[in-house]
Amino acid sequence: PKAAPTDVRIRVLNSTAISLTWTRVHLDTIQGQLKEYRAYFWRDSSLLKNLWVSKKRQFVSFPGDRNRGTVSRLFPYSNYKLEMVVTNGRGDGPRSEMKEFPTPEGVPSSPRYLRIRQPNLEIVNLEWDHPEHPNGVITGYTLRYQPFNGSRTGPTVVENLSPNQTRFTLQRSDPISRYRFVLRARTRVGEGEALTEVSPALLDE
């Protein structure tokens, strides 16, 4: 093809998707059969400082003679660049003007791990690592825990912890119960994926 799509417009739908519209090329510039419109895009940087990103180019195909489409599975809280082409049986035509757009914050992935240590009968120590994909600015952690003993369960306690905190010490209410811990990181958008761990049973020495 000899011409590129023009007037490419981007509307951000949410933290991982955009909608695209463009002005189609004249059919006499295709020099063959129009196969598809194609959007090439890549993550140029994260909006979080010091977070390395892969700038690998990806593309989404929009088959046929059309002028709109959706690009999804983007990373939240990132800067993206995008170009469009039209293709025939021989390959890509020239590229459109490059467009840049940011994606808004999303919710974080789960913390990387949650480790439980029980140095004695009185306390349970928790330690965790930050999420691999913060998807925004971490505003804190939510820790929910509940004692259980066989089929009996106690009340759920909710702790709101600061964003740089990675450890927590629980004073046991009794030495018999085990605990179920559910930990999530938060951004301004909300709580992210949960990581659940159960404290091991304390065996009589």
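Over residues 4-106 of this predicted model, the chain is 52% strand and 0% helix, and the C-alpha atoms at the two ends of the stretch lie 33 Å apart; strands here are DSSP runs of type E with at least two residues, helices are runs of type H or I with at least four, and both are numbered from the N terminus. According to the unreviewed UniProt entry, the annotation "domain: Fibronectin type-III" covers residues 4-106 and also residues 110-205, where positions follow the numbering used here, feature names are shortened, and annotations may be inferred rather than shown by experiment. Residues are numbered from 1 along each chain as its sequence is written, and side-chain values use heavy atoms, with hydrogens and water left out. Because the model is predicted, local features need pLDDT of at least 70 and side-chain atom pairs count only at pLDDT 80 or more, whereas totals for chains, interfaces and linings use all residues.

The largest nonpolar core (a set of buried Ala, Val, Leu, Ile, Met, Phe, Trp, Tyr and Cys residues joined through side-chain atoms within 4.5 Å) has 18 residues, and those with the most contacts inside it are Leu 20, Tyr 37, Phe 62, Leu 82 and Met 84. Two or more residues of this core are given by each of strand S2 (17-23), strand S3 (36-46) and strand S6 (78-88), and the largest share, 4 residues, comes from S6. When neighbours within four places in sequence are left aside, Leu 82 is in contact (heavy atoms within 4.5 Å) with residues that include Val 8, Ile 10, Ile 18, Leu 20, Phe 41 and Phe 101. A second, separate core of 17 residues includes Leu 114, Leu 161, Leu 170 and Tyr 179.

An open sheet is formed by 3 strands in the order S9-S10-S14, with antiparallel pairing, two strands being counted as paired if DSSP finds at least two bridges between them. Strand S9 (114-117) and strand S14 (167-171) each have a single partner strand and stand at the edges, so one side of each is left without a neighbour in the sheet. S9 and strand S10 (residues 123-128) are joined by a hairpin through 5 residues, and the two pair in the antiparallel sense over 4 bridges. Within this pairing, Ile 116 stands opposite Leu 126 in S10, while the bridge partner of Arg 115 in S10 is Glu 127. On the S14 side, S10 is joined to S14 by 5 bridges, and Glu 127 has Arg 167 as its bridge partner in S14.

Two serines in loops illustrate opposite surroundings. Ser 177, in the loop between S14 and strand S15 (178-186), is buried, with a relative accessible area of 9%; buried means under 20%, exposed over 50% and partly exposed in between, with a 1.4 Å probe and protein chains only. Not counting residues up to four places away in sequence, Ser 177 touches Pro 147, Phe 148, Asn 149 and Arg 172, and its C-alpha lies 9.0 Å from that of Thr 153, although the two are 24 residues apart in sequence. Ser 151, in the loop between strand S11 (140-149) and strand S12 (152-153), counts as exposed at 75% relative accessibility. Ser 151 and Arg 167 are 16 residues apart in sequence, with 28 Å between their C-alpha atoms.
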